[in-house]
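Here is a short tutorial on how to read a structure, told as a dialogue between a learner and a teacher.

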Amino acid sequence: MNSFQEVFIRYRELMEIAVYGVAILLIFIGLYAVLTKKHLVKVVIGLSIMDAGVNLLFVGVGYITNHTAPIFSPGYEDAADKMVDPVPQALVLTAIVIGFAVTALALSLVIRLYRHHKTANIEQLNSLRW
Amino acid sequence: MDIYVALLILFGGALVAFFIDDLNRRWTGPVALAFALAAAVAFALTPEGQHLRLSILGFDLHWQQDSAARFFGWIVLGLTVLALIYSVKYMEGKARLGYFYAVFLMSAGGMLGVSVSRDLISFFVFWEIMTWTSFLLAIYNAYYGVETKGIKYIIFSSIGAYAMLTAIVMAGHYYHTYDLADLWQAGAFSFRSYWYIPASLMLGFAVKAAVVPFHVWAPDVYAKTPMSFTTVFSGAMSKMGVLGLLVVLTGLYAGGGDGMFWFRWILGWLGGITAVAGTLQAIRQNDAKYLLAYSSVAQLGYIVTALATGTRLGLMAALYLAVLHAAFKGALFMVAGAVEKQAGTTDFREISGLIKRMPWTFFVALVSVISLAGVPPLGGFVGKWLLYESLITETHSYFLVIVIFFSSTAAFLYAYRFLFGLFLGQAEEEIKQVKEASWWMLLPMLVLAAVSIVTGMYPGLIFKPAADVLAGWGLPVPDWHMSILLNRWGNQVDLVTVGSTVGVVFVLVAIYITLKGRKTTKWVSTKDISTSGEIPSPQDNLTFQRGFFKPFERAIGRLYDWDANGIWEDLGAALEAFFGFVRKIYTGNAQTYALYVIVFLVVLLIFARRIFG
Amino acid sequence: MVISPVHYIVAPLAAAFFIPLLNKLYDDAARVVPGIVLGYLVVVSAVLVPQVLYNGPITEIIAGWRPPFGINLVMTPFSAILALLVSFMAFVIWLYGFRFRRTLKGGVVMYYEILQMMMTAGALGIILTGDLFNMFVFVEIAGITAISLSAFYRDRDGAEAGFKYMLLGSLASVFLLLGILLLYTQTHSLNMAQIAERMPAVAQGVKIIALIFLLVSLGIEAEMFPLNSWAPDAYSQAPSPTSAAFAAVLGVAAVYALARVSYTLFDAQSVSMFLMVMGFLTMFFAETAAIAQTDLKRMLAYSSMGQMGLVMVALGIGNETALFGALFLIINHAVIKALLFMTGSYFIYNNNSKRLVALNGIHKRLPYVSFLFSLGALAIIGFPPFSGFWSKFYILSGAAKRELLPLIIGILAITIVEMTYYLRVIGRIYFGKEETEPASHKPSINALVAMTSLAVIIVVLGLYPGLISGYLHKASMFLLDKQAYIQNVLSVK
Amino acid sequence: MLKKIFVLFLLTVTGVALWQSFRHAPFGENRVGDVENPETVSAFYLKHSPETLHTANSVTAIVVNFRGFDTLGEVTVLFLAATGLASILYRRKEDEEEEGGHLPVRVKLKSSTLVRTGAKILFPLILLLGIYVFVHGHLTPGGGFQGGAIIATGFLLMFITYKRFNVNHKIMVWLESLSGLAFVLIGLYGLVAYGSFLQNIPWTGRLNDLISGGLIPLIYIFIGIKVATELTNVLDTLMNTKPRKK
């Protein structure tokens with residue numbers, strides 16, 4: 001047991017704040033950008049940051065103190081009960097890809113909008129209303 | 001013959017008529033007529049008392065050919081057949097005939113269905129069919145403002161229909177049945193248990209019967225629908241409201257008649273007010289069609305008042321007037337249609353003196369107007385008599401009698417206006433070419449006029465089926481005689497004597513006038529009467545027909561300021577403005593939309609336990 | 001190969017991957033293949049739905065791992081009927097659009113066809129899957145196709161509609177992920193049956209918050225007020241067959257997801273009030289906004305939102321009668337709204353304008369299409385004898401059973417608003433004064449077949465609802481029976 | 001300003017709610033449970049990944065086999081995003097005229113010699129790394145998605161460096177379609193042969209062998225190819241200013 005792990009166990013509370021807190025903060029920041037930034041690309045960036053936050057939350061939830069990556073490399077064949085939860089990691093892989101797809105699509109829409117409106121200000125996009 | 005045959009014939013005929021129009025436009029009318037006749041035959045052949053029980057979606061539907069079904073069914077089918085005979089010529093050369101006849105037949109089918117339905121589900125289904133088909137006919141004439149006014153009819157009808165629907169689902173919940181007989185048994189329409197069930201049912205029926213303040217849809221619709229359908233519209237469809245009210249009344253009687261007092265009071269007065277309002281409005285109309293339309297509203301007011309008494313004579317009066325109103329108002333709308341078809345307009349300011357051009361039409365108009373005014377010896381008189389008698393001797397509502405009496409006296413004014421405006425007076429140059437209507441149009445008019453004449457002498461012809469209706473549903477039945485009216489003090493009137501005396505006098509006078517001829521004088525145009533000191537502009541039509549009853553209008557002047565129509569229109573405009581304001585929440589800004597989502601989320605999070613706890 | 005529910009997903013997927021290749025060899029492949037696939041799905045439904053209805057639910061194992069561990073597809077009577085509906089509607093919409101898209105040139109047709117077909121596949125996936133995260137994946141498939149299709153016309157408004165949908169859709173997916181994650185941390189499972197089984201042990205606080213996240217995210221997809229602001233834009237800017245599919249395919253799936261989450265994962269009692277209130281508000285705001293629209297497709301879009309609101313109200317009422325009504329209404333809404341969009345698009349096509357004013361007197365140019373539109377309008381208002389009446393009646397009866405008199409009155413009052421604007425349009429079509437007479441595009445034969453078949457369904461179901469009512473009763477009963485669902489899924493070996 | 005404060009308030013409430021609810025799942029707590037008698041899905045996967053599937057990387061086992069259906073959906077999402085992107089951004093002659101012809105999508109500046117030479121050397125290495133990653137997806141961290149993404153970055157490098165660099169669309173379409181199709185077909189093979197879509201073949205080799213895990217490496221290779229072509233396609237569409245060749 002190295003010193004890092006000792007520190008970790010002692011300050012588990014702190015780590016919780018660090019990991020969950022950062023993840024939630026990322027969601028927070030992303031949402032803030034989505035809700036207040038006027039530039040379309042910034043809004044899309046906000047969405048990506050949100051995605052990142054959620055993904056981090058996924059990975060954080062799957063973590064188990066002192067456990068290792070869920071890979072049965074040579075020498076770790078019987079270490080199944082010493083591994084972290086692999087399911088959130090698999091899910092996060094899917095979530096990342098989907099996040100990427102949405103971001104790409106969003107950017108293409110931004111390009112399209114910019115071509116038509118000659119501006120990327122989100123407040124200018126209100127020809128459809130009521 | 002099974003009970004559904006007549007209905008199937010009508011609805012099938014609608015389909016056939018719709019598609020046959022594409023083949024040959026000339027066949028559409030006769031084919032529709034043939035189907036209506038076939039339906040009438042089928043209806044006649046259906047034995048009394050036959051039941052039909054269906055199950056649809058687990059609801060038991062119940063149709064019955066009882067005396068009420070026959071009574072109202074014949075009003076519907078009789079008028080439909082006559083109106084279709086009339087339509088063949090009246091609608092000749094108009095556009096969208098397939099549409100017209102198909103919807104006409106469906107509408108008749110809906111009304112017939114309402115007449116035979118003895119459970120609330122099929123009653124409502126047919127009621128709605130009748131409503132939307134009649135709406136499609138009401139907007140048939142393209143010039144009618146569909147965007148605003150045309151929609152008024154369907155909105156009011158739907159308010160009524162949905163009030164009914166509310167009552168129906170609630171009744172279904174509380175009593176686990178939709179069958180009328182069971183509901184009557186269970187006292188579902190009593191005001192004691194769930195007062196809103198009968199109340200909202202009656203609201204629904206009152207709207208269809210055009211009772212104040214829900215009458216505003218009626219004048220426009222009656223006047224603007226093609227006259228051949230207005231006949232049915234005013235003559236038969238409004239009677240479906242009467243049928244409905246009768247259904248509720250039956251329930252009240254079955255439940256012992258408790259809690260009836262205020263219902264009787266309110267409905268009776270609403271009927272009285274309707275009668276007065278309709279009459280007063282009719283007096284100042286300048287268009288024969290509008291005059292008749294308002295008059296219809298007023299007549300329905302009498303019927304509703306009669307029903308509201310809920311007494312033996314009152315119920316009899318209501319049923320009797322229902323038939324008579326169908327007869328004379330049907331005939332009068334046909335007259336208006338004939339004049340419109342032949343002379344091009346029904347505006348009093350445009351035409352006058354048609355008597356020589358259209359003598360038969362005039363005869364029908366004369367008979368029907370006399371019957372409408374309730375003057376002996378024609379049928380209308382008997383109905384009025386019964387109404388007064390029930391109000392005076394049975395419910396002692398003397399104020400209401402005064403109101404009704406005022407209204408039916410004032411009705412003389414518009415009755416005269418109608419006759420004079422269209423037929424009497426001096427004939428203008430431009431109507432010299434007008435010809436009498438086709439015999440296909442005159443025939444149904446004469447039949448309807450005959451009903452007024454015959455019932456004037458033998459009202460028992462209608463008393464009998466009406467008494468059957470009342471007896472069949474367990475309502476009180478008065479004594480009745482074939483041609484003798486009784487009153488409480490034992491006096492009696494022999495209607496045959498009265499009728500034949502008046503008839504002989506009428507014939508003698510007619511012969512005298514025909515033989516003597518009328519004096520011929522050089523008259524000036526009625527449309528060029530000099531104004532006292534005022535300078536008329538060229539557009540002014542200076543006929544004396546303008547402001548015909550000016551003094552009368554002046555006398556009751558302020559009453560006209562109460563315009564229910566305006567109130568409803570303001571309400572509608574206010575609602576639309578409100579809706580227009582509400583939809584501004586869709587601002588078009590993507591960020592605002594995202595903000596809505598987050599606000600919604602946060603509200604849910606804050607009140608989480610309250611909402612989902 | 002025995003027909004099984006997985007065909008619903010695999011056939012469109014394989015076709016979607018295959019079409020780009022085939023399109024190189026044969027020009028029309030992109031237009032024909034989706035039809036074959038969707039037709040095949042209808043056949044699959046025709047085989048599977050009777051099985052499900054008579055022999056009970058089918059649970060299909062995927063990758064050979066039994067339910068709580070592997071992903072599985074569950075075909076309950078409820079989802080089977082919706083799957084049949086969705087695949088049939090998708091096929092009809094494809095048939096309708098077959099020649100319509102001749103106007104599009106080149107490779108674009110291929111993109112369009114793939115996206116449209118995959119939207120159906122996504123919706124079917126949502127309906128069939130028994131796994132919560134898998135549902136998220138399918139929601140995303142449906143969402144991404146829907147966004148692309150909203151912006152498909154590449155004009156200024158299309159891109160705007162797409163962007164709005166994208167923004168709200170991304171929020172929805174983030175919330176959905178958070179909800180799934182919360183449930184996962186508490187129940188250690190992603191299988192809906194197992195989550196439902198373990199739900200009672202979950203702390204109330206977490207449960208409610210997870211529920212809120214799921215409801216908000218599915219609410220966005222199911223067009224719940226105030227989350228539905230993307231809908232009018234997307235519906236009105238998408239190509240018309242897509243608008244029809246939004247209502248008939250995507251809407252169905254979204255409502256299904258909402259129903260499944262609130263009925264199976266959570267307690268129907270606790271969301272009852274919420275669904276009723278929000279459904280009613282959805283109806284109110286949508287229908288009142290519709291009345292002032294000047295654009296036909298936008299009007300239809302708002303009307304769609306109103307119908308979804310009514311479905312939510314019915315789900316909230318939550319007794320068997322109301323659920324029957326809800327299911328019937330979903331079917332009606334899909335069929336009728338698709339018909340309205342189809343016919344409406346011919347009006348637009350002929351006028352080169354979406355504006356309502358342009359509809360004046362159009363029945364002279366398109367008599368049959370106008371007739372069908374009017375039929376649809378009358379049906380969706382709920383006039384008997386069309387099918388719309390029965391669903392409304394059942395929902396009201398359900399409300400009456402819970403003695404919710406104000407709700408009944410409210411629904412009916414809003415129906416009057418709805419009636420007003422639909423009848424105004426009918427009035428315009430038949431009696432409006434015609435101003436111009438541009439060249440007329442008569443509907444092609446395949447579109448006529450598609451529209452007529454929908455109209456026939458409307459009339460037949462209205463006159464003889466007994467045709468399907470037995471199945472719908474079974475389905476709605478099954479939706480209410482949470483334990484049966486859990487049992488069925490978890491007992492599979 | 002007021003709006004920003006309001007937004008901050010909203011976000012605070014959301015954050016607090018999230019924080020509160022994730023407190024119910026303490027960080028680092030063992031929620032997997034007993035692996036030998038699995039109660040949770042995670043334990044089940046950890047048990048069966050080495051025992052039944054003989055796949056060293058249990059995340060890969062989950063992604064490709066246990067929850068392979070998700071992955072199929074995920075690949076589809078990517079495919080659909082590429083399709084949607086193409087449908088939104090494809091260019092016609094008319095558009096160019098409408099929009100004034102030129103668009104500053106491709107980098108206008110010429111890259112320096114250093115960059116160009118470096119890219120030339122790095123590109124094959126990046127491709128190799130990508131291929132390595134997805135071939136070893138069942139043994140080491142990484143897999144089809146990661147490998148595909150690495151390959152796509154190689155193409156991105158080339159796109160940025162060389163203005164005239166173009167991928168061969170024909171090959172791309174073939175690769176893209178065939179790899180996707182292969183994934184579905186492998187799944188269908190499971191359905192036909194063993195009665196369950198995507199079911200693995202019984203022969204799964206030995207743990208930690210290169211050829212082990214049954215069909216898992218094969219599927220992951222196809223996923224890798226698919227992702228690589230898909231991402232490259234997306235990049236190509238986003239960067240390309242010229243009308244697509246047909």
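**Reading contacts, cores and confidence**

Q: How many residues do chain C and chain D each bring to their contact?

A: Two residues are in contact if their C-beta atoms, placed from the backbone, lie within 7 Å, and here 51 residues come from chain C and 48 residues from chain D. On the chain C side, the elements that give two or more residues are α1 (7-25), α4 (107-128), α5 (132-150), α6 (156-187) and α8 (204-221) of chain C, where helices are DSSP runs of H or I with at least four residues, numbered from the N terminus. Of these, α5(C) gives the most, with 10 residues.

This is a predicted model, in which local features need pLDDT of at least 70 and side-chain atom pairs count only at pLDDT 80 or more, while totals for chains, interfaces and linings use all residues. Residues are numbered from 1 along each chain as its sequence is written, and chains are lettered from A and ligands numbered from 1 in the order in which they are written.

Q: What is the largest nonpolar core, and which helix gives the most to it?

A: In soluble globular proteins, nonpolar side chains tend to be buried together. A nonpolar core is a set of buried Ala, Val, Leu, Ile, Met, Phe, Trp, Tyr and Cys residues joined through C-beta atoms within 7 Å, and a residue is buried if 20 or more other C-beta atoms lie within 10 Å of its own, exposed if 12 or fewer, and partly exposed in between. The largest such core has 563 residues, and C:V86 and C:A253 are among those with the most contacts inside it. Helix α13 (residues 312-343) of chain B gives the most to this core, with 23 residues. Leaving aside neighbours within four places in sequence, C:A253 is in contact with C:V86, C:A123, C:I126, C:I127 and C:A142.

Q: Is B:W265 buried, or why does it count as partly exposed?

A: B:W265, which lies in helix α11 (residues 261-283) of chain B, counts as partly exposed because 14 other C-beta atoms lie within 10 Å.

Q: Where in chain A is confidence lowest, and where is it highest?

A: The pLDDT is the predictor's confidence in each residue, from 0 to 100, and its mean for chain A is 86, with 96% of the residues reaching 70 or more. Within chain A, confidence is lowest in helix α1 (residues 3-10), at a mean of 70, and highest in helix α3 (residues 40-62), at 92.
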